[in-house]
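Hello,

Here is the structure I said I would pass on. Please open it alongside this email; my notes on what was found follow below.

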Amino acid sequence: MSATGEVTSGRSGRGRRLILWRHGQTSWNVERRFQGTTDVELTETGVAQARRAAKLLASLAPDAIVASDLRRAANTAAELAALTGLRVAHDEGLRETYAGAWQGLSHDEIIERHGDEYAAWKRGEPVRRGGGELETEVADRAAPVVLGHADKLPDGGTLVVVSHGGTIRTTIGRLLGLESRHWESLGGLSNCCWSVLGEGGRGWRLLEHNAGTLPEPVLGDDD
(Lines give C-alpha, C1' and ligand atoms only; values in the text may rest on other atoms or scores of the structure.)
Protein backbone atom coordinates (compact mmCIF):
# COMPACT_ATOMS: atom_id res chain seq x y z
CA MET A 1 0.00 0.00 0.00
CA SER A 2 1.33 3.43 -0.90
CA ALA A 3 1.64 6.41 1.42
CA THR A 4 -1.60 7.77 -0.04
CA GLY A 5 -3.49 4.58 0.82
CA GLU A 6 -3.60 3.26 -2.73
CA VAL A 7 -2.96 -0.45 -3.08
CA THR A 8 -0.31 -1.24 -5.62
CA SER A 9 1.40 -4.41 -6.71
CA GLY A 10 5.12 -5.01 -6.61
CA ARG A 11 5.79 -3.18 -9.86
CA SER A 12 3.90 0.03 -10.53
CA GLY A 13 3.65 2.38 -13.48
CA ARG A 14 3.57 -0.40 -16.11
CA GLY A 15 0.44 0.85 -17.86
CA ARG A 16 -1.65 -2.24 -17.17
CA ARG A 17 -5.45 -2.27 -17.28
CA LEU A 18 -8.03 -4.16 -15.22
CA ILE A 19 -11.54 -4.80 -16.54
CA LEU A 20 -13.80 -5.93 -13.70
CA TRP A 21 -16.83 -7.52 -15.35
CA ARG A 22 -20.00 -8.52 -13.55
CA HIS A 23 -21.76 -11.74 -14.56
CA GLY A 24 -24.94 -11.87 -16.63
CA GLN A 25 -28.49 -11.97 -15.33
CA THR A 26 -29.78 -14.80 -13.13
CA SER A 27 -33.32 -15.61 -12.04
CA TRP A 28 -32.48 -14.41 -8.54
CA ASN A 29 -31.36 -11.06 -9.95
CA VAL A 30 -34.76 -10.69 -11.55
CA GLU A 31 -36.45 -11.59 -8.25
CA ARG A 32 -34.14 -9.20 -6.33
CA ARG A 33 -33.06 -12.17 -4.24
CA PHE A 34 -29.69 -12.04 -2.44
CA GLN A 35 -27.41 -14.62 -4.04
CA GLY A 36 -24.16 -14.38 -2.15
CA THR A 37 -22.24 -17.63 -2.55
CA THR A 38 -25.33 -19.56 -3.73
CA ASP A 39 -24.47 -21.05 -7.11
CA VAL A 40 -27.24 -19.72 -9.36
CA GLU A 41 -27.21 -20.24 -13.15
CA LEU A 42 -27.52 -17.57 -15.83
CA THR A 43 -30.90 -17.06 -17.45
CA GLU A 44 -31.23 -17.12 -21.24
CA THR A 45 -31.10 -13.33 -21.07
CA GLY A 46 -27.93 -13.58 -19.00
CA VAL A 47 -26.25 -15.78 -21.58
CA ALA A 48 -27.23 -13.34 -24.34
CA GLN A 49 -25.83 -10.46 -22.27
CA ALA A 50 -22.56 -12.32 -21.80
CA ARG A 51 -22.24 -13.03 -25.52
CA ARG A 52 -22.91 -9.40 -26.45
CA ALA A 53 -20.46 -8.06 -23.90
CA ALA A 54 -17.83 -10.65 -24.81
CA LYS A 55 -17.76 -9.39 -28.40
CA LEU A 56 -16.98 -5.89 -27.15
CA LEU A 57 -14.38 -6.97 -24.61
CA ALA A 58 -12.66 -9.30 -27.07
CA SER A 59 -11.92 -6.27 -29.24
CA LEU A 60 -9.75 -4.94 -26.39
CA ALA A 61 -7.42 -7.93 -26.89
CA PRO A 62 -7.19 -9.02 -23.25
CA ASP A 63 -4.10 -10.92 -22.18
CA ALA A 64 -5.70 -12.98 -19.42
CA ILE A 65 -9.04 -13.86 -17.83
CA VAL A 66 -9.68 -14.80 -14.20
CA ALA A 67 -13.13 -15.56 -12.84
CA SER A 68 -15.07 -16.60 -9.78
CA ASP A 69 -15.76 -20.31 -9.79
CA LEU A 70 -19.50 -19.78 -9.25
CA ARG A 71 -21.36 -20.77 -12.42
CA ARG A 72 -22.89 -17.38 -13.18
CA ALA A 73 -19.42 -15.83 -13.37
CA ALA A 74 -17.63 -18.84 -14.85
CA ASN A 75 -20.16 -19.17 -17.67
CA THR A 76 -19.98 -15.45 -18.39
CA ALA A 77 -16.19 -15.72 -18.62
CA ALA A 78 -16.51 -18.73 -20.92
CA GLU A 79 -18.15 -16.55 -23.58
CA LEU A 80 -15.08 -14.29 -23.71
CA ALA A 81 -12.73 -17.27 -23.62
CA ALA A 82 -14.50 -18.76 -26.64
CA LEU A 83 -13.81 -15.62 -28.67
CA THR A 84 -10.24 -14.96 -27.51
CA GLY A 85 -8.88 -18.49 -27.12
CA LEU A 86 -7.67 -17.61 -23.63
CA ARG A 87 -7.90 -20.07 -20.76
CA VAL A 88 -9.98 -18.92 -17.81
CA ALA A 89 -8.36 -19.20 -14.40
CA HIS A 90 -11.03 -19.82 -11.75
CA ASP A 91 -10.54 -18.65 -8.16
CA GLU A 92 -12.98 -18.96 -5.26
CA GLY A 93 -11.43 -15.80 -3.83
CA LEU A 94 -13.52 -13.89 -6.37
CA ARG A 95 -16.85 -15.28 -5.13
CA GLU A 96 -19.61 -12.96 -4.01
CA THR A 97 -19.92 -11.92 -0.37
CA TYR A 98 -21.11 -14.72 1.89
CA ALA A 99 -24.18 -13.34 3.68
CA GLY A 100 -25.44 -16.23 5.77
CA ALA A 101 -29.12 -15.81 6.63
CA TRP A 102 -29.62 -13.15 3.95
CA GLN A 103 -28.91 -15.56 1.13
CA GLY A 104 -32.02 -16.57 -0.76
CA LEU A 105 -34.09 -13.73 0.71
CA SER A 106 -35.67 -11.07 -1.45
CA HIS A 107 -34.84 -7.40 -0.91
CA ASP A 108 -38.17 -6.85 0.87
CA GLU A 109 -37.65 -9.90 3.08
CA ILE A 110 -34.21 -8.67 4.13
CA ILE A 111 -35.62 -5.28 5.13
CA GLU A 112 -38.51 -6.94 6.98
CA ARG A 113 -36.39 -9.47 8.89
CA HIS A 114 -33.05 -7.68 9.19
CA GLY A 115 -34.01 -4.01 8.87
CA ASP A 116 -31.60 -2.62 11.47
CA GLU A 117 -28.72 -4.61 10.04
CA TYR A 118 -29.58 -3.47 6.51
CA ALA A 119 -29.78 0.19 7.59
CA ALA A 120 -26.41 0.00 9.35
CA TRP A 121 -24.81 -1.51 6.26
CA LYS A 122 -26.22 1.24 4.04
CA ARG A 123 -24.75 3.81 6.44
CA GLY A 124 -21.33 2.32 5.81
CA GLU A 125 -20.93 0.58 9.14
CA PRO A 126 -19.03 -2.72 9.25
CA VAL A 127 -21.82 -5.30 9.28
CA ARG A 128 -21.75 -9.08 8.99
CA ARG A 129 -24.87 -9.29 6.89
CA GLY A 130 -26.78 -12.42 7.91
CA GLY A 131 -23.79 -13.41 10.03
CA GLY A 132 -21.54 -13.59 6.97
CA GLU A 133 -18.45 -11.74 5.77
CA LEU A 134 -17.50 -8.13 6.32
CA GLU A 135 -16.92 -6.18 3.12
CA THR A 136 -13.30 -5.67 4.19
CA GLU A 137 -12.89 -9.45 4.42
CA VAL A 138 -14.20 -9.81 0.88
CA ALA A 139 -11.61 -7.28 -0.27
CA ASP A 140 -8.94 -9.11 1.74
CA ARG A 141 -9.50 -12.27 -0.32
CA ALA A 142 -10.39 -10.78 -3.71
CA ALA A 143 -7.93 -7.92 -4.18
CA PRO A 144 -4.82 -10.14 -3.82
CA VAL A 145 -6.23 -12.49 -6.49
CA VAL A 146 -6.63 -9.58 -8.89
CA LEU A 147 -3.20 -8.16 -8.14
CA GLY A 148 -1.56 -11.56 -8.41
CA HIS A 149 -2.91 -12.06 -11.92
CA ALA A 150 -2.16 -8.43 -12.84
CA ASP A 151 1.48 -8.97 -11.91
CA LYS A 152 1.71 -11.64 -14.61
CA LEU A 153 0.62 -9.22 -17.33
CA PRO A 154 3.06 -7.69 -19.79
CA ASP A 155 3.55 -3.94 -19.64
CA GLY A 156 0.42 -2.36 -21.08
CA GLY A 157 -1.47 -5.63 -20.70
CA THR A 158 -5.15 -6.12 -19.93
CA LEU A 159 -6.70 -8.48 -17.37
CA VAL A 160 -10.42 -9.28 -17.39
CA VAL A 161 -11.77 -10.19 -13.95
CA VAL A 162 -15.22 -11.81 -14.03
CA SER A 163 -16.89 -11.61 -10.65
CA HIS A 164 -19.90 -10.30 -8.74
CA GLY A 165 -21.28 -6.86 -7.98
CA GLY A 166 -20.40 -6.68 -4.30
CA THR A 167 -16.99 -8.27 -4.74
CA ILE A 168 -16.10 -5.96 -7.60
CA ARG A 169 -17.12 -2.87 -5.63
CA THR A 170 -15.06 -3.84 -2.58
CA THR A 171 -12.09 -4.74 -4.76
CA ILE A 172 -12.22 -1.41 -6.59
CA GLY A 173 -12.46 0.40 -3.27
CA ARG A 174 -9.44 -1.45 -1.93
CA LEU A 175 -7.34 -0.92 -5.06
CA LEU A 176 -8.14 2.79 -5.10
CA GLY A 177 -7.22 3.12 -1.43
CA LEU A 178 -10.66 4.35 -0.38
CA GLU A 179 -11.75 3.93 3.22
CA SER A 180 -14.24 1.08 3.46
CA ARG A 181 -17.04 3.35 4.69
CA HIS A 182 -16.86 5.12 1.30
CA TRP A 183 -17.11 1.98 -0.85
CA GLU A 184 -20.88 2.33 -1.04
CA SER A 185 -20.32 5.58 -2.97
CA LEU A 186 -19.30 3.40 -5.91
CA GLY A 187 -22.63 2.63 -7.56
CA GLY A 188 -23.58 -0.96 -8.29
CA LEU A 189 -22.85 -2.67 -11.58
CA SER A 190 -25.64 -3.72 -13.92
CA ASN A 191 -25.59 -7.30 -15.18
CA CYS A 192 -22.72 -7.85 -17.62
CA CYS A 193 -21.41 -4.30 -17.26
CA TRP A 194 -17.86 -3.58 -16.18
CA SER A 195 -15.49 -1.09 -14.65
CA VAL A 196 -12.01 -0.25 -15.90
CA LEU A 197 -8.99 0.55 -13.75
CA GLY A 198 -5.83 1.87 -15.34
CA GLU A 199 -2.37 1.90 -13.85
CA GLY A 200 -0.30 5.03 -13.51
CA GLY A 201 2.76 6.12 -11.61
CA ARG A 202 0.73 6.63 -8.41
CA GLY A 203 -1.21 3.39 -8.54
CA TRP A 204 -4.62 2.40 -9.86
CA ARG A 205 -7.26 4.90 -10.98
CA LEU A 206 -10.88 4.41 -12.00
CA LEU A 207 -11.31 5.10 -15.71
CA GLU A 208 -14.80 3.70 -16.38
CA HIS A 209 -17.57 2.53 -14.06
CA ASN A 210 -20.67 0.50 -14.86
CA ALA A 211 -19.86 0.68 -18.56
CA GLY A 212 -21.63 -1.33 -21.23
CA THR A 213 -19.77 0.09 -24.20
CA LEU A 214 -16.11 0.25 -25.08
CA PRO A 215 -14.03 2.75 -23.10
CA GLU A 216 -13.34 6.01 -24.91
CA PRO A 217 -9.99 7.78 -24.56
CA VAL A 218 -9.89 10.76 -22.20
CA LEU A 219 -9.32 13.91 -24.24
CA GLY A 220 -8.73 16.97 -22.13
CA ASP A 221 -6.70 18.57 -19.39
CA ASP A 222 -7.23 15.72 -16.90
CA ASP A 223 -5.56 12.98 -18.95
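A search of the whole structure, which is a predicted model, turns up zero disulfides. As a reminder, a disulfide is a covalent bond between the sulfur atoms of two cysteines. C192 is in none, and its nearest cysteine sulfur belongs to C193, 7.6 Å away. Because a disulfide needs the two sulfur atoms within 2.5 Å, that pair does not count as one. Are these two cysteines buried or exposed? C192 is buried, at 4% relative accessible area, and C193 is buried too, at 14%.

Next, helix 3. This helix covers residues 71-84, 14 residues in total. From first C-alpha to last it reaches 20 Å, close to the 20 Å expected at 1.5 Å a residue. Its buried residues are R72, A73, A74, T76, A77, E79, L80 and A81. What do they pack against? Their partners are helix 2 (44-58) and four strands: strand 1 (17-22), strand 2 (64-67), strand 3 (88-90) and strand 4 (158-163). Just after helix 3 comes G85, with a positive phi of about 80 degrees.

Last, the largest pocket. It holds about 740 Å³ of space and is lined by 29 residues. Two or more lining residues come from each of helix 1 (27-30), helix 4 (107-113), helix 5 (115-122) and helix 7 (165-176). Nearest the centre of the pocket lie R22, F34, E96, W121 and R169. Sorted by class, the lining has twelve polar, nine charged and eight nonpolar residues.

Regards

Conventions
Residues numbered from 1 in each chain as written. Predicted model: local features only at pLDDT ≥ 70, side-chain atom pairs only at ≥ 80, totals over all residues. Heavy atoms only, no water. 1 Å grid on protein atoms, 1.4 Å probe; cavity = no way out; pocket = protein on both sides within 12 Å on 5 of 7 lines; lining within 4 Å. Points joined across faces, edges and corners; volume = space filled by probe spheres on them. Nonpolar A, V, L, I, M, F, W, Y, C, P; charged D, E, K, R; others polar. Expected span 1.5 Å × (residues − 1). Buried < 20%, exposed > 50% of the residue type's maximum accessible area, 1.4 Å probe, protein only. Contact = heavy atoms within 4.5 Å.
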